[in-house]
Structure formats: C-alpha cells, structure tokens
Amino acid sequence: EREAVDISAAAGRVSAEYVWAYPPGIPLLIPGERIDSSFEKLIESREQAGISMKSTFSALPKKIYVLKGH
C-alpha cells in the first residue's frame with residue numbers, strides 16, 4: 001500500500017514511485033529506495049533551474065507517494 005506525503009516529510013520514508021528529471025529522463029529515485037534528507041533540496045534546485053520533474057503518480061513537487069508504514 002502507498003500514501004501521499006508532503007515532500008518536506010518524506011525523508012526516511014521508502015519511495016513507492018519513480019521520480020525523474022526530464023530531460024534527460026534519468027531516474028533520481030526508484031520504488032523501494034529510501035528517501036534521504038537532501039531529496040527536497042534536489043527537487044527544488046532542479047525546478048529552479050527550469051528542469052521539469054516527473055513522477056509515476058504526478059504529485060510532485062508538493063507530494064510524493066511512499067510505502068505505508070515504512
């Protein structure tokens with residue numbers, strides 16, 4: 001099961017979705033990967049640079065889906 005959480009509360013949780021910068025389309029986060037404390041700043045810096053951030057469930061940049069209870 002998954003749940004959407006604020007990006008600011010995602011550190012330490014386990015991702016339930018892919019996150020990638022487009023272009024070029026390289027994954028920055030994959031399902032099952034633990035989200036570290038620098039992830040929020042990474043998303044912000046890419047967006048400020050004009051790089052579009054994409055995710056499996058399209059909740060970025062405000063929310064990300066994580067595994068429930070993890």
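# Reading the core and the sheet

Guide: In this predicted model, the largest nonpolar core holds 13 residues, and those with the most contacts inside it are Val19, Ile35, Phe39 and Ile64. Strand 2, helix 1 and strand 5 (63-67) each supply at least two residues of this core.

Visitor: What makes this set of residues a nonpolar core?

Guide: The name asks for buried residues of nonpolar kinds, such as Val, Ile and Phe, that are joined through side-chain atoms within 4.5 Å. The set of 13 residues, with Val19, Ile35, Phe39 and Ile64 among them, is therefore called a nonpolar core.

Visitor: Which residues does phenylalanine 39 touch, not counting residues up to four places away in sequence?

Guide: Phenylalanine 39 touches Ile7, Val19, Leu29 and Ile64 when those sequence neighbours are set aside, and a contact here means heavy atoms within 4.5 Å.

Visitor: Why is isoleucine 30 called partly exposed?

Guide: Buried means under 20% relative accessible area and exposed means over 50%; isoleucine 30 has a relative accessibility of 40%, so it counts as partly exposed. Isoleucine 30 belongs to the loop between strand 3 and helix 1, and, leaving out residues up to four places away in sequence, isoleucine 30 touches Ser15, Glu17 and Tyr18. The C-alpha atoms of isoleucine 30 and tyrosine 18 are separated by 4.5 Å, although these residues are 12 residues apart along the chain.

Visitor: How do you know that strand 2 and strand 4 pair?

Guide: Pairing requires at least two bridges between two strands, and strand 2 (residues 19-22) and strand 4 have 4 bridges in the antiparallel sense, so they count as paired. Across this pair, alanine 21 stands opposite methionine 53 in strand 4, while tryptophan 20 stands opposite lysine 54 in strand 4.

Visitor: What is the strand order of the open sheet, and why do strand 3 and strand 4 stand at its edges?

Guide: The open sheet has 3 strands in the order 3-2-4, with antiparallel pairing. Strand 3 (26-29) and strand 4 (52-55) each have a single partner strand, so one side of each is left without a neighbour in the sheet. Neighbouring strands of this sheet are turned by 35° against each other on average, direction ignored.

Visitor: Where does helix 1 lie?

Guide: Helix 1 (residues 39-48) lies across strand 2, strand 3 and strand 4, and runs at about 130° to strand 4. Strand 4 itself has a covered face, with Met53 and Ser55, and an uncovered face, with Ser52 and Lys54.

Notes
Residues are numbered from 1 along each chain as its sequence is written. This is a predicted model: local features need pLDDT of at least 70, side-chain atom pairs count only at pLDDT 80 or more; totals for chains, interfaces and linings use all residues. Side-chain values use heavy atoms; hydrogens and water are left out. Axes are lines fitted to C-alpha atoms, for helices over the stretch in contact, and angles run from 0 to 180 degrees between N-to-C directions. Buried means under 20% relative accessible area, exposed over 50%, partly exposed in between (1.4 Å probe, protein chains only).
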